[in-house]
Amino acid sequence: YRGAPCHRKQWYQRRVRGFSYKRLTAFAMPTRNGVTGTLYTYPNNPRAQLIQIAAEYGGSDIKVAPDFQMGVTNMTPEYAAKFPFKQVPALESSSGNLADTFAIASLVGGATLRGSDEFTRCQITQFMNQAETTLFPAACQILYPCWGLMPNNKNVIAKARAQFDAYMGSMEAYLADKTYLVGEGVTLADLTVTMYLRDMYNMILDEAERTKYTNVTRWFTTIINQDEVIRVLGTTALCTKPAQFDAKLFAANHPKPQQKPKQEQKPKQEAKPKQEAAAPAAAAAPKKEAAKKPFQDLSKPKLDLDTFKRLYWNEETPVIMKYFDENFVDGEWSVWTAHYKYNHELSQTHKTNNLVKGLMQRAETMKKFAFGLMYVFGNPYDQVITGIWMGRGDKNFFFEDESWQVDIVNYDMERLDMALPQNRALFERWLSGGFDDWQGKPFEKEHIF
């Protein structure tokens with residue numbers, strides 16, 4: 001409009017401003033849907049925060065239950081009556097009860113956040129599911145050691161970091177020419193991925209790391225600084241120095257069971273004078289044999305188990321295998337695979353994991369004689385338990401003590417000939433955490449003995 005009369009300039013400017021405002025309103029102000037309800041969650045739960053942010057966009061009035069206690073409230077009959085699977089977070093709303101993060105966020109966020117047409121909704125769902133199944137598990141395995149929630153298993157962390165970097169590389173390429181993940185405005189896809197990336201940007205990805213992912217960082221800072229997001233989370237600082245494993249915090253979160261104090265021995269009573277027996281003296285009862293200590297007949301092994309475990313927690317797999325190759329003597333130690341016999345009976349995931357935890361708890365006194373990895377694979381009602389063990393001697397070491405046998409009878413144990421290259425490779429793969437699935441069933445949980 002250069003050179004146009006003043007009144008034409010003003011008309012044009014009003015026209016442009018009006019058009020821009022309408023476009024901005026269409027993309028930034030999702031439909032208000034007026035859902036009201038109570039959200040049951042524990043503090044700082046990122047899944048609940050996603051729901052709260054969605055509610056800000058959707059104009060929903062969602063209050064957090066003030067007296068909720070994780071592991072207490074959600075275990076009550078009253079809670080189960082509303083939410084049969086006892087999941088958290090859960091929403092008791094004017095529309096009904098929901099207990100799935102994405103379902104709740106879709107309800108309280110309104111039509112614009114969840115997609116205006118069928119294909120857009122599918123795209124948004126695609127990004128949300130990828131974040132849930134790929135990004136979130138990897139981020140947790142990287143962050144949990146920094147919070148003292150998991151041991152500093154460098155193999156697990158390295159595998160998780162490789163998975164995270166692969167995800168970020170794909171996002172970097174995808175966002176090269178995009179402002180948002182789907183369409184021309186914020187959707188649940190953006191909010192979900194941002195929430196699952198937030199702690200990584202806050203604690204792990206320093207400036208040097210962020211330079212690898214300039215497109216993702218641009219997009220992340222755009223979403224994390226939205227007014228609706230800030231009203232729930234406040235401002236999010238970017239990492240300046242990556243967080244590290246905190247051994248003291250881990251020890252505080254995982255206290256060792258206290259040993260029972262030894263009872264004071266009562267002073268021996270003076271022997272009473274022998275009375276003359278009216279009847280022939282009874283034959284003296286045979287002395288009880290002292291309980292045999294596990295593996296007391298074996299000589300000291302070349303491979304030191306404490307050293308092996310320390311390397312497992314702190315070093316990369318090649319370092320662990322170097323020590324193993326130089327010190328493992330067949331017969332002093334043996335390596336066994338373990339496969340649960342009754343996989344067809346496994347149902348809910350937490351029950352399956354409790355089976356493995358029970359085995360390890362009841363074999364607690366075996367820890368100085370064995371090392372084990374047990375994995376759960378699959379989804380509820382379609383799961384397997386399998387693993388690998390190294391223990392003292394050349395026989396099944398679980399049968400060295402009666403208390404160790406309680407659970408292992410439910411497993412098929414097979415000894416591996418470690419002189420065979422394929423068996424050594426299998427053992428190395430277990431140590432490196434190299435199983436993403438088992439016979440097509442996805443990895444679910446790792447248990448370390």
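This report describes one helix packing and several salt bridges in a predicted model.

**Two packed helices**

Two packed helices are described by the angle between their axes and the distance between the axes. In this model, helix α8, which covers residues 188-203, packs against helix α10, which covers residues 214-224, at an angle of about 105°, and their axes lie 10 Å apart. Angles of 65 to 115 degrees count as roughly perpendicular, and α8 and α10 are therefore roughly perpendicular to each other. On the side of α8, the contact is made by Asp-190, Leu-191, Val-193, Thr-194, Leu-197, Arg-198 and Tyr-201, while α10 contributes Val-216, Thr-217, Trp-219, Phe-220, Ile-223 and Ile-224. Sorted by class, the contact of α8 with α10 has nine nonpolar residues, together with two polar and two charged ones.

**Salt bridges**

The structure as a whole holds 18 salt bridges. Three of the pairs are set out in the table, each with the distance between its N and O atoms.

| Acidic residue | Basic residue | N to O distance |
|---|---|---|
| Asp-325 | Arg-424 | 2.7 Å |
| Asp-407 | Arg-362 | 2.7 Å |
| Glu-364 | Lys-367 | 3.7 Å |

The salt bridge between Asp-325 and Arg-424 links distant parts of the chain, since Asp-325 sits in helix α14 (residues 317-327) and Arg-424 in helix α17 (residues 421-431), 99 residues apart. Asp-325 has a relative accessible area of 42% and is partly exposed, and Arg-424, with a relative accessible area of 26%, is partly exposed as well.

Arg-362 and Asp-407, whose side chains meet in a salt bridge, also link distant parts of the chain: Arg-362 belongs to helix α15 (residues 349-362) and Asp-407 to helix α16 (residues 405-408), with their positions 45 residues apart. Here the two partners fall into separate classes of accessibility, for Arg-362 counts as partly exposed at 42% relative accessibility, whereas Asp-407, at 13%, counts as buried, the cut-off for buried being under 20% relative accessible area.

In the salt bridge that Glu-364 forms with Lys-367, Glu-364 is partly exposed with a relative accessible area of 40%, and Lys-367 counts as partly exposed at 37% relative accessibility.

Apart from these pairs, there is also a network of salt bridges, in which Arg-161, Asp-165, Glu-209 and Lys-212 are linked.

Technical notes:
Residues numbered from 1 in each chain as written. Predicted model: local features only at pLDDT ≥ 70, side-chain atom pairs only at ≥ 80, totals over all residues. Heavy atoms only, no water. Axes fitted to C-alpha atoms, helices over the stretch in contact; angles between N-to-C directions. Helix = DSSP H or I, 4+ residues; strand = E, 2+ residues; numbered from the N terminus. Parallel < 35°, antiparallel > 145°, perpendicular 65-115°, else oblique. Contact = heavy atoms within 4.5 Å. Nonpolar A, V, L, I, M, F, W, Y, C, P; charged D, E, K, R; others polar. Salt bridge = Lys/Arg side-chain N within 4 Å of Asp/Glu carboxyl O. Buried < 20%, exposed > 50% of the residue type's maximum accessible area, 1.4 Å probe, protein only.
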